[in-house]
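Hi,

Here is the structure I promised to send over. Have a look at it first, and my notes follow underneath.

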Amino acid sequence: MNRIELFHGTDHIIEKPDYDKGNPKNDYGKGFYCTKLCEMSKEWACKQNKDGFSNRYEIDLSDLKILDLTDDSHTVLNWIALLLKNRTLSLDSEIAIDAKNYIIDNFAIDTAEYDIVTGYRADDSYFRYAESFVENGLSLRSLNKALRLGKLGEQTVLVSKKAYDRIKFIDAEPVDKSIYYPKFLVRDTKARETYKNDIRKSKSYRDDIFVMDILREEIKNDDPRIRQILSE
């Protein structure tokens, strides 16, 4: 069997995740959001500066259909499209609103066909990267660089009833906010500094792609220019 451990950081113990609960406004819609890293779950458990728990689970992935947004067949635009579809962004300009609709229509993947989705977690300041890109203030190359340099956490999300039925609770470890809230702040501060010092001031290349280029040229998911930029 193909079993892995997953961790869920929160302020209480969850022995049986409830498929009928969950926030549809999360990154990938309604689901049970986990990480493969115990330490990351502890940071997430204390992000509100409160003590929490790192819930540990085991799940058998055999015959589950998994959408991996970090593999070579997908790009950061597929990730952005799901954020735009599910999360609430503060978009004021016509360009940003048009870009949101276009990216969803041309780059979003229907997660209803899958049991599990894995990909980046748009936590706090990282969410600003996505907003800046849609507002035409950040290029595709810089966006991709920001996600890599910022060491953004990855998440594994159960999205189907079948996946919920497979996950088994192992135990829960108490997490001290005095230890892990500062760690969360350090990660967030580093992300902001990376954005301010390394990303926003990086050189814009003539062959780079901004969201305005995507709209004007009606760039699609299979456009080779996307792969070329993201492979650099």
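Let me start with the helices: helix 2 passes helix 3 in a left-handed crossing. Keep in mind that this is a predicted model.

Who touches whom there? On the helix 2 side, the contact is made by Leu77, Asn78, Ile80, Ala81, Leu84 and Lys85, and helix 3 brings in Lys100, Ile103, Ile104 and Phe107. Sorted by type, the residues of this contact come out as 7 nonpolar, 1 polar and 2 charged.

On to the geometry. Two packed helices are described by the angle between their axes and the distance between the axes. Helix 2 covers residues 76-86 and helix 3 covers residues 94-107; their axes come within 8 Å and cross at roughly 120 degrees. That angle is why helix 2 counts as oblique to helix 3: roughly perpendicular would need 65 to 115 degrees, and roughly antiparallel over 145.

Then there's the sheet. It is an open one of 4 strands, in the order 2-6-5-4, with mixed pairing. Which strands sit at the edges? Those are strand 2 (32-34) and strand 4 (66-68), each of which pairs on one side only. Neighbouring strands in this sheet are turned by 20 degrees against each other on average, with direction ignored.

If you want to zoom in at one edge, strand 2 pairs with strand 6 (residues 154-158) in the antiparallel sense, over 3 bridges. A residue to click on there is Tyr33, whose bridge partner in strand 6 is Val157.

Cheers

Definitions and conventions
Residues are numbered from 1 along each chain as its sequence is written. This is a predicted model: local features need pLDDT of at least 70, side-chain atom pairs count only at pLDDT 80 or more; totals for chains, interfaces and linings use all residues. Side-chain values use heavy atoms; hydrogens and water are left out. Two strands pair if DSSP finds at least two bridges between them. Helices (H or I, at least four residues) and strands (E, at least two) are DSSP runs, numbered from the N terminus. Axes are lines fitted to C-alpha atoms, for helices over the stretch in contact, and angles run from 0 to 180 degrees between N-to-C directions. Angles under 35 degrees count as roughly parallel, over 145 as roughly antiparallel, 65 to 115 as roughly perpendicular and the rest as oblique. A crossing is left-handed if the near helix is turned anticlockwise from the far one by less than a right angle, and right-handed if clockwise. Contact means heavy atoms within 4.5 Å. Ala, Val, Leu, Ile, Met, Phe, Trp, Tyr, Cys and Pro count as nonpolar, Asp, Glu, Lys and Arg as charged, and the others, Gly among them, as polar.
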